[in-house]
Amino acid sequence: MFRAETAEVVCFHQKELRLICPQEGWVEQDPHEILAVVYECIERTLEKLRELGGNPETDIVAIGVTNQRETTIVWDRTTGEPLYNAIVWQDMRTSSTVDQLLETVPNKTKNKNYLKPLCGLPLSPYFSAVKLRWLIDNVPKVAAAIRGGNCLFGTVDTWLIWNLTGGPDGGAHVTDVSNASRTMLMNIETLEYDNALKKFFDVPSEILPQIRSSSEVYGLIKFKPLRDIPLAGCLGDQQSALVGQECLTRGRAKATYGTGCFLLYNTGTAVIDSYHGLISTVAYQMGPDALPVYALEGSVAVAGAALGWLRDNLNLLTGASESETAALEVENNGDVYFVPAFSGLYAPYWDPEARGVICGITEDTQRGHIVRAALEAVCFQVRDILDAMNNDSGTPLQKLKVDGGMTANATMMQWQADLIGLDVLKPTFVETTALGAAMVAGRAVGKWDIENVSVESDSTVFKPQISENERDVRYKRWKMAIERSVGWDKCP
């Protein structure tokens, strides 16, 4: 909960969401649990507001939603019951679906960028339409609900907005342009569902949510403690962090370090096609009559998740917070490089057959070297993406704004500055994703003048401290490790 226009945090509550992994490469969540966690966070935050002497009924002017993107949910419009678990963005079960779809590309080219001119995205298990296709093909309940006219599809934002605004009793079945641009079903220029895309994936129009701007009133909340407060803003999590970091003009960029790592570069009102493995996406649209603003995006599948793996699978850490001290047990990286491609590589390589490798191990290699290599891997992957962004946009970035959980590791942020050769700016408040959603919701009800009131807080600045030569040598070694990772899972 934020105070309008000052971005001061009044109070907050958060709770982790459980992942369900029924088999290797499958990642799901329970849609009921997603909703229950949201309700609990609302209730606990309101309790804290009351403890501060506030009154939810009069103090709260608007609600915004931000969500993990691409995650796909299908449910019954009459009962509100999910027809299957949510298939999460990093789920890889749809690799075979992608192969089948590539077979249908004209002239047998199997070109994964075939749809990119329409939707800005390569054919990949990552995006919602592929997950939806898998559900229709493999879950009889879903196909039956579509035949019976009872099926609704949405990403997490749509599931939440529909439920919060009434569910089966008149809930708004909507999404915003930033989330719709990740489905592979929306035309990136017209901001409407594209007939050619719907036909390619064979997805019926009637199950799709209405596409709206990122900042307008979608409906009133029907959930008791917030009843009749307007739900007025919606952004996918990475786009929301871009707004929260105030990267609102062309040429500004931010990196969010969480389970994965995501870089977004604001390209203004022009869609820039990437020739270096990035994707073109909608950043936001500030109201139904505003022009959309676009971004180039690069995503790293495994960032903080590598530390979880070191903790849970190898017992090298007791918790992610221990990574900084563990990495400082050694003087340097010992020439050890770790490519954490557990389920393939995302931008700029887009290789689902890449697998993880740790290179350069000698008898002197210790725990600290491997932990340090896991942290440096995130920094190197950010460098991969920044190089691609500079090549695509033609305007080299001057500085990088950062946020997300991993930025608490100051040593890693220093290495990030060293390995990209740019100043890295970390705001004092790192939950910028939530802030972005609050800003667009406040703007929609006339309480937050985003364009003219800056919320920029003090930043910690990390400046590069190594030579250009050392930077290039280490990056070359990283590229050698990447070569050993790509294509590993190809059948001989």
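The exercises below, each with a worked solution, concern salt bridges and a pocket in a predicted model.

**Exercise 1.** Determine which parts of the chain are tied together by the salt bridge between arginine 69 and glutamate 297, and whether each partner is buried or exposed.

*Solution.* Begin with the contact itself, in which the two side chains meet with an N to O distance of 2.7 Å. Next, place the partners: arginine 69 lies in the loop between strand E2 (63-67) and strand E3 (72-76), while glutamate 297 belongs to strand E13 (residues 293-300), so the pair joins parts that are 228 residues apart in sequence. Then apply the cut-off for burial, which is under 20% relative accessible area: arginine 69 is buried because its value is 2%, and glutamate 297, at 0%, is buried as well. Finally, both residues take part in a network of salt bridges that also includes Glu70, Arg182 and Asp237.

**Exercise 2.** Describe where arginine 383 and aspartate 387 lie, and how accessible each of them is.

*Solution.* Both residues sit in helix H13 (residues 367-393), four residues apart, which is about one turn of the helix. Their side chains form a salt bridge at 3.2 Å, N to O. As for accessibility, arginine 383 is buried at 13%, whereas aspartate 387 is partly exposed at 28%.

**Exercise 3.** Characterise the lining of the second largest pocket.

*Solution.* The pocket holds about 160 Å³ of space, and its lining consists of 14 residues, with Gly244, Pro427, Val455, Glu456 and Ser457 nearest the centre. Strand E17 (423-427) and helix H15 (432-444) are the elements that each contribute two or more lining residues. Sorted by character, the lining comprises six nonpolar, five polar and three charged residues.

Key. Residues are numbered from 1 along each chain as its sequence is written. This is a predicted model: local features need pLDDT of at least 70, side-chain atom pairs count only at pLDDT 80 or more; totals for chains, interfaces and linings use all residues. Side-chain values use heavy atoms; hydrogens and water are left out. On a 1 Å grid over the protein atoms alone, a cavity is a set of points where a 1.4 Å probe fits but cannot get out, and a pocket is an open set with protein on both sides within 12 Å along at least five of seven lines; lining residues have an atom within 4 Å of a point. Grid points are joined across faces, edges and corners, and a volume is the space filled by probe spheres set on the points. Ala, Val, Leu, Ile, Met, Phe, Trp, Tyr, Cys and Pro count as nonpolar, Asp, Glu, Lys and Arg as charged, and the others, Gly among them, as polar. A salt bridge is a side-chain nitrogen of Lys or Arg within 4 Å of a carboxyl oxygen of Asp or Glu. Buried means under 20% relative accessible area, exposed over 50%, partly exposed in between (1.4 Å probe, protein chains only).
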